[in-house]
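Here's a quick walk through the model, written for someone who'd rather see the numbers than the adjectives. Have the viewer open and follow along.

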Amino acid sequence: MIDLINYVDENEYDVLWRIILKFVKETPPYADEIEAIERGEEEYKNGQIYSHEDVWA
């Protein structure tokens with residue numbers, strides 16, 4: 001099913017996201033998920049994040 005997303009035009013991502021949210025129950029993040037998000041944001045601010053192209057080029 002995830003492969004179907006590849007066929008969606010980028011301009012329609014917002015519509016697709018709203019449809020998904022109607023059918024998927026939202027759950028609050030776990031503490032370790034919040035920590036990972038905060039760590040990722042901090043790494044991004046410090047320029048420690050690499051693009052896909054940087055890693056696989």
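## Confidence

This is a predicted model, and its mean pLDDT comes out at 87, with 96% of the residues at 70 or more. Split by element, helix H2 (residues 31–45) has the highest mean pLDDT, 94. At the other end sits helix H3 (residues 52–56), with the lowest mean, 82.

A general caution on reading such models: where pLDDT is low, the predicted coordinates shouldn't be read in detail.

## Fold and overall shape

The inventory is short: three helices and zero strands. Going along the sequence, that gives the pattern α-α-α.

How does the radius of gyration relate to that of a compact globule of 57 residues? The globule would be near 10 Å, but this protein has 16 Å. Its C-alpha trace spans about 35 × 35 × 20 Å along the principal axes.

Burial tells its own story: buried residues make up 0% of the 57 in the protein. The exposed surface adds up to about 6,100 Å², and carbon and sulfur atoms supply 57% of that.

## Helix H1: a salt bridge and a nonpolar patch

If you go hunting for salt bridges across the whole structure, you'll find one. It joins Arg-18 to Asp-14, with the closest N and O atoms 3.4 Å apart. Both residues belong to helix H1, and they're four residues apart, about one turn of the helix. An α-helix has 3.6 residues a turn, so residues three or four places apart point the same way. Side chains of opposite charge can then pair when their charged atoms come close.

Neither partner is buried, because that label needs under 20% relative accessible area, while Arg-18 has 47% and Asp-14 has 46%. Both count as partly exposed.

There's a greasy side to the surface too. Val-15, Trp-17, Ile-19, Ile-20, Leu-21, Phe-23 and Val-24 make up a nonpolar patch, together offering about 690 Å² of accessible area. One of its members, Ile-20, is placed in helix H1 (residues 13–23). Is Ile-20 buried, exposed or partly exposed? At a relative accessible area of 31%, Ile-20 is partly exposed, and it can join a patch because the cut-off there is over 30%.

## Helix H2 and what follows

Helix H2 is 15 residues long and reaches 21 Å from its first C-alpha to its last. That's close to the 21 Å you'd expect at 1.5 Å a residue. After H2 comes Gly-47, with a positive phi near 70°.

## Asp-9 and Arg-39

Ahead of H1, in the segment before that helix, you'll find Asp-9. With a relative accessible area of 44%, Asp-9 is partly exposed.

How far apart are Asp-9 and Arg-39 in space? From C-alpha to C-alpha they are 31 Å apart, with their positions 30 residues apart in sequence numbering.

Methods. Residues numbered from 1 in each chain as written. Predicted model: local features only at pLDDT ≥ 70, side-chain atom pairs only at ≥ 80, totals over all residues. Heavy atoms only, no water. pLDDT = per-residue confidence, 0-100. Helix = DSSP H or I, 4+ residues; strand = E, 2+ residues; numbered from the N terminus. Patch = residues over 30% accessible without salt bridge, like charges linked within 9 Å, V, L, I, M, F, W, Y side chains within 5 Å. Areas by Shrake-Rupley, 256 points an atom, 1.4 Å probe, with all protein chains shown as cover. Salt bridge = Lys/Arg side-chain N within 4 Å of Asp/Glu carboxyl O. Buried < 20%, exposed > 50% of the residue type's maximum accessible area, 1.4 Å probe, protein only. Expected span 1.5 Å × (residues − 1). Rg over C-alpha atoms; globule rule 2.2 N^0.38 Å.
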